[in-house]
Amino acid sequence: MQNEPKVFFKKESARFIGIGLVIFLIVQFLINTNLLNSFWSGIIFWGAAITILALGLNLIYGFNGQFSLGQYGFYAIGAYTAADITYRWTHGDPSGVAVVLSGALLTLVCYVGIAAFLRRFYRVTVMTQFTFYLLGTVFSFAIAVLVLAQPLGRLAQTILSALPGGLSQQIVFFIALLGGAALAGIVSYLFGIPVLELGSDYFGISTLGFTIIVKVLLDNTDTILPFPEMKGARGMIGIPQWTTWPWVFFSLLLVVMVMRNILHSSIGRAIVSVREDERAAELVGINVANAKLLAFVVGSIFAGLAGGIRAHDLAFLHPQSFNFIQSFNPLIIVVFGGLGSMTGTLFTGFVWIILLEGILRDLPTGYETWRFVIYPLVLLVMMLLRPEGLMGRYELPYLRRVLPARRKTEETEPEEVPA
Amino acid sequence: MALLEIKNLIVAYGAIRALHGISFHVNEGEIVTLIGANGAGKSTTLRTISGLQSAESGQISYNNQDITRAEASAIVQRGLIHVPEGRRIFAPLTVRENLEMGAFTRKNKQEVADSMEHVFHLFPRLKERMEQTGGTLSGGEQQMLAVARALMAKPRLLLMDEPSMGLAPILVEEIFDIIQEINKQGVTILLVEQNAHMALSVANRGYVIEIGAIELEGEAHDLAENPRVRTAYLGGG
């Protein structure tokens with residue numbers, strides 16, 4: 001509350017971004033000189049995508065206290081959406097770009113209108129809200145598909161084909177990542193309105209259900225859903241491999257900065273205080289439902305972005321890789337790094353993938369399956385030795401927040417006072 | 001004119017009715033107390049006023065505006081602050097951070113800093129504990145923190161639910177002194193208490209609530225003399 005010297009704050013930002021850029025240049029140099037072969041650079045890209053995914057989950061679970069197993073569902077939505085946009089584009093069909101972009105924009109406009117409309121009534125039930133927003137979404141995408149797809153698609157094609165090929169490809173990739181993130185955000189908003197109202201455990205189970213639904217839909221993209229190019233349970237092939245280190249790095253940097261600024265603002269205080277005590281948060285004037293929804297949507301947008309990045313690195317998507325068992329991966333990373341520690345997630349995200357997919361893949365012949373012995377053991381030992389996570393409450397100076405992270409409950413429970 | 005007016009308020013938890021249509025009012029500048037036994041509906045009344053619980057029917061008007069169905073967060077912004085039963089402080093946050101959270105709805109940093117100064121003047125012990133986490137405070141200090149946090153929101157009307165619960169007699173005295181002090185500084189107070197003796201000694205007026213209905217009302221000193229109140233709530237004649 002005291003006037004904090006602004007200069008200090010800027011120095012921390014400059015140092016953080018500066019060090020980040022140095023790392024960026026070093027890795028880029030290693031890739032260019034082939035010191036980092038394509039296997040290891042792929043591991044690093046994967047690590048970054050998983051880190052973005054886990055940062056989103058940390059916002060939802062670590063900072064806002066809503067236990068979610070839905071992160072992989074949004075990751076899948078982002079991956080398939082982005083992949084579909086670029087797949088169609090490279091096959092001469094610009095409608096993907098047009099539909100997702102115009103649909104998302106229309107939905108946003110619709111949501112703002114619906115929110116303003118619903119605000120005129122007191123205590124609208126969540127199901128009523130959900131119905132309104134769902135209709136708004138369906139309406140927006142119907143217009144996008146039926147009316148706007150053709151003309152906007154032609155327009156996009158005309159504009160982009162006038163540009164040099166490399167540039168137009170980068171623009172399409174940007175739109176694809178944006179579209180994947182936007183769709184994940186829209187779905188999380190719709191899903192979050194009725195479901196976030198539930199308590200934390202019930203919410204967790206519902207999100208597990210969500211991930212399973214997404215996986216089942218992806219299994220049937222060519223039969224139930226009208227997307228033959230996704231090829232259902234056979235897996236989607238032919239996605240352009242457009243993910244490069246600059247895309248990976250700057251996406252991660254953007255996510256870290258956005259998340260950090262949210263957490264440092266008063267919205268961030270609202271999000272964290274909801275985790276600590278919903279009732280108390282309500283009593284100091286925080287709109288608990290909005291705080292939860294905001295954390296959930298932003299976290300899911302990160303997941304969608306991570307999905308797009310991963311899809312265009314792997315160039316192949318299979319529904320099986322979005323199985324709900326996978327949704328424990330970001331959870332492990334977040335708990336491992338420390339619930340409510342961005343630094344922890346940043347560190348653990350990379351370490352986890354490097355360890356699990358890099359080092360443990362290189363076990364000597366005859367010992368390959370030991371991978372599945374070593375990594376559960378790491379989990380066990382870790383949880384026994386450092387239950388508060390690798391970083392605990394530590395944050396890098398740039399990321400340090402006003403509110404401390406979650407502490408062990410034993411220390412925090414107030415004494416029980418007899419009435 | 002009444003700052004807070006409750007008309008025929010009915011509240012139910014599922015099929016069970018907690019309040020069977022109660023009506024009362026609180027004038028600006030008063031201390032009004034609701035006394036009654038466990039389960040009479042005192043806390044439910046406060047929770048409904050502050051928007052934590054929704055009313056089935058009836059009307060709550062505050063400052064001549066109907067707030068019956070307003071959101072809890074919107075009610076806080078109007079200066080109607082609830083100090084809940086069992087304190088509900090943020091245990092992992094420090095005393096200072098708890099107080100800052102209390103001022104969540106206020107934007108002017110200078111005013112918030114002034115409020116903090118004022119609160120520390122009222123509760124010097126909290127100033128000593130400023131960097132300690134809320135969960136490590138004693139019961140009495142936690143209660144003081146809960147009141148202090150409410151004051152950080154610059155209340156016009158303070159709803160206090162059982163501020164004396166679980167406190168040693170000497171701390172009860174201290175809390176009630178502070179309640180009177182806050183009231184002198186212009187904050188209207190609606191006090192719910194089981195300790196009817198203390199509550200009636202500081203209040204201007206009081207209401208006796210029994211099984212979800214108002215049974216008696218009047219000036220605090222009249223109620224304290226009332227034979228029914230004396231036998232039921234003040235420990236015999």
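A:Ala270 touches residues of both chains in this predicted model. Leaving aside neighbours within four places in sequence, its contacts are A:Ile286, A:Ala291 and B:Phe104. The residue sits in helix 9 of chain A. Its relative accessible area is 7%, so A:Ala270 counts as buried. A:Leu148 makes a useful reference point. A:Ala270 and A:Leu148 are 122 residues apart in sequence. In space, 39 Å separates their C-alpha atoms.

The contact with B:Phe104 leads to the interface. Chain A gives 30 residues to the contact between the chains, and chain B gives 36. The size of an interface is often given as the accessible area lost when the parts come together. Here about 3,200 Å² is buried between chain A and chain B. Carbon and sulfur atoms give 60% of that area.

Now the charged and polar pairs. The rule finds 2 salt bridges across the interface of chain A and chain B. In one of the pairs that form a salt bridge, A:Asp277 meets B:Arg88, with the closest N and O atoms 3.0 Å apart. There are also 2 residue pairs in polar contact across the interface, both at pLDDT 80 or more. On the side of chain A that touches chain B, two or more residues come from each of helix 9 (266-276) and helix 10 (278-283) of chain A.

Move next to chain B and its helix 7, residues 169-184. This helix has 16 residues. From first C-alpha to last it reaches 23 Å, close to the 22 Å expected at 1.5 Å a residue. Which residues of helix 7 of chain B are buried? They are B:Leu171, B:Val172, B:Ile175, B:Phe176, B:Ile178, B:Ile179, B:Ile182 and B:Asn183. These residues are on the same side of helix 7 of chain B, because they cover an arc of only 155° around the axis. The spacing follows from helix geometry. An α-helix has 3.6 residues a turn, so residues three or four places apart point the same way. The face turned away from the buried side of helix 7 of chain B carries exposed residues: B:Pro169, B:Ile170 and B:Lys184. Just after this helix, B:Gly186 takes a positive phi of about 105°.

Another buried position in chain B is B:Thr45, in helix 1 (residues 42-49). Its relative accessibility is 0%, which means that B:Thr45 counts as buried. What is B:Thr45 in contact with, leaving aside its neighbours within four places in sequence? The partners are B:Leu19, B:Ile22, B:Phe24, B:Leu34 and B:Ile209.

Finally, look at the backbone in two loops. Most residues other than glycine have a negative phi, and most peptide bonds are trans. A:Lys231 has a positive phi, near 55°, and is not a glycine. It is found in the loop between helix 7 (200-219) and helix 8 (245-264) of chain A. With a relative accessible area of 21%, A:Lys231 is partly exposed; the cut-off for buried is under 20%. B:Asn64 also has a positive phi, about 65°, although it is not a glycine. Its loop lies between strand 4 (57-62) and strand 5 (65-66) of chain B. Is B:Asn64 buried or exposed? Its relative accessibility is 57%, so B:Asn64 counts as exposed.

Note on methods:
Residues numbered from 1 in each chain as written. Chains lettered and ligands numbered in written order. Predicted model: local features only at pLDDT ≥ 70, side-chain atom pairs only at ≥ 80, totals over all residues. Heavy atoms only, no water. Helix = DSSP H or I, 4+ residues; strand = E, 2+ residues; numbered from the N terminus. Expected span 1.5 Å × (residues − 1). Buried < 20%, exposed > 50% of the residue type's maximum accessible area, 1.4 Å probe, protein only. Arc of directions from axis to C-beta. Contact = heavy atoms within 4.5 Å. Buried area = accessible area lost by both parts, 1.4 Å probe. Salt bridge = Lys/Arg side-chain N within 4 Å of Asp/Glu carboxyl O. Polar contact = N/O pair within 3.5 Å; in protein donor to acceptor, adjacent residues only side chain to side chain.
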